[in-house]
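Please look over the fold, the buried core and the charged pairs of this protein. The report below takes them in turn.

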Amino acid sequence: MCIRDRYQRRVHGRQQMPPKAKELFLPVKDEEQWKDLTGENNKKITVIDLFYPAFGRCEVLDEGLRSIYLNVDDADKKLQYFYADITKIFPGEKGKTTAKPKFVVYMGGQQKAEIVGANFTLLREKIMALVDALNASAEQQILTLTQAVSYTHL
């Protein structure tokens, strides 16, 4: 048996790695996508890290934001994270630069929060308050539908 066969047997005899998880932090590619994310039709909580290209996005908070995502029930239906080069979305911002990260949080076409700096505690509080509001809204809709169904059967 040659070395290659032993290697293939060892590699192929192991358990396969799980498929790669979907990427949580996605780029905003253009102004049209920005309008879709911040528009009224988007009912998800959208957290966007705005950055200047000289400094890059705030990767320090990635693990914390990932933990929030993993602890929210049905997070893929309620929460999404993006990052955007501010000079591509708002061309007038080219001359104004700052190293501080800026996070904006949108839901239903409204800006719900703007956090300047890497303040994870404040960002988590804002996100969780909006998640709670979404959950309460969903529970109210279910209650209303249940009442409507029960009245039709009387």
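## Burial and overall fold

Of the protein's 154 residues, 32% count as buried. The model is a predicted one. It contains six helices and five strands. Along the sequence, these elements follow the pattern α-β-α-β-α-α-β-α-β-β-α.

## Strand E3 and its partners

Strand E3 spans residues 79–85. Six of its seven residues are buried, so the strand is largely enclosed by the rest of the structure.

E3 pairs with two strands named here. Strand E1, residues 25–27, runs parallel to E3, and the pairing has three bridges. In that pairing, Leu26 stands opposite Phe82 of E3. Strand E2, residues 45–51, also pairs with E3 in the parallel sense, over seven bridges. Here Val47 stands opposite Tyr81 of E3. In a regular strand, side chains alternate between the two faces of the sheet.

Phe82 deserves its own entry. This residue lies in strand E3. Its relative accessible area is 8%; the cut-off for buried is under 20%, so Phe82 is buried. Phe82 and Thr46 are 36 residues apart in sequence, yet their C-alpha atoms are 7.4 Å apart in space.

## Two helices with a buried face

Helix H2 covers residues 31–38, and Trp34, Leu37 and Thr38 are buried in it. Seen down the axis of H2, these buried residues fall within an arc of 85°, so they line one face of the helix. The face turned away from that buried side carries the exposed residues Glu32, Lys35 and Asp36.

Helix H3 covers residues 62–71. Its buried residues are Asp62, Gly64, Leu65, Ile68 and Tyr69. Viewed down the axis of H3, they fall within an arc of 165°, so they too line one face of their helix. On the face of H3 turned away from the buried side sit the exposed residues Glu63, Leu70 and Asn71.

## Salt bridges

How many salt bridges does a search of the whole structure find? The search finds three. Side chains of opposite charge can pair when their charged atoms come close.

Asp62 forms a salt bridge with Arg57, and the closest N and O atoms are 2.8 Å apart. Asp62 is buried, with a relative accessible area of 11%. Glu63 forms a salt bridge with Arg66, with the closest N and O atoms 3.7 Å apart. Both Glu63 and Arg66 lie in helix H3, three residues apart, about one turn of the helix. An α-helix has 3.6 residues a turn, so residues three or four places apart point the same way. Glu63 counts as exposed at 56% relative accessibility, and Arg66 is partly exposed at a relative accessible area of 28%.

Lys102 forms a salt bridge with Glu114, the closest N and O atoms being 3.8 Å apart. This pair links distant parts of the chain, 12 residues apart: Lys102 is in strand E4, residues 102–107, and Glu114 is in strand E5, residues 110–116. Lys102 is partly exposed at 27% relative accessibility. Glu114 is also partly exposed, at 43%.

## The cavity

The structure holds one cavity of 30 Å³ or more. About 50 Å³ of space lies in the largest cavity.

Which residues line the largest cavity? The lining consists of Phe25, Val47, Asp49, Arg57, Cys58, Asp62, Leu65, Tyr81, Phe82, Tyr83 and Phe103. By type, they divide into eight nonpolar, no polar and three charged residues. E2, H3 and E3 each supply at least two residues of the lining. The largest share, three residues, comes from E3.

Several lining residues have appeared above. Asp62 and Arg57 are both in the lining, and these two residues form a salt bridge. Val47 and Tyr81 are also in the lining; they stand opposite each other where E2 and E3 pair. The lining further includes Phe82, a buried residue of strand E3. Leu65 is another lining residue, and it is one of the buried residues of H3.

Technical notes
Residues are numbered from 1 along each chain as its sequence is written. This is a predicted model: local features need pLDDT of at least 70, side-chain atom pairs count only at pLDDT 80 or more; totals for chains, interfaces and linings use all residues. Side-chain values use heavy atoms; hydrogens and water are left out. Buried means under 20% relative accessible area, exposed over 50%, partly exposed in between (1.4 Å probe, protein chains only). Helices (H or I, at least four residues) and strands (E, at least two) are DSSP runs, numbered from the N terminus. Two strands pair if DSSP finds at least two bridges between them. A salt bridge is a side-chain nitrogen of Lys or Arg within 4 Å of a carboxyl oxygen of Asp or Glu. On a 1 Å grid over the protein atoms alone, a cavity is a set of points where a 1.4 Å probe fits but cannot get out, and a pocket is an open set with protein on both sides within 12 Å along at least five of seven lines; lining residues have an atom within 4 Å of a point. Grid points are joined across faces, edges and corners, and a volume is the space filled by probe spheres set on the points. Ala, Val, Leu, Ile, Met, Phe, Trp, Tyr, Cys and Pro count as nonpolar, Asp, Glu, Lys and Arg as charged, and the others, Gly among them, as polar. The arc is that of the directions from the helix axis to the C-beta atoms.
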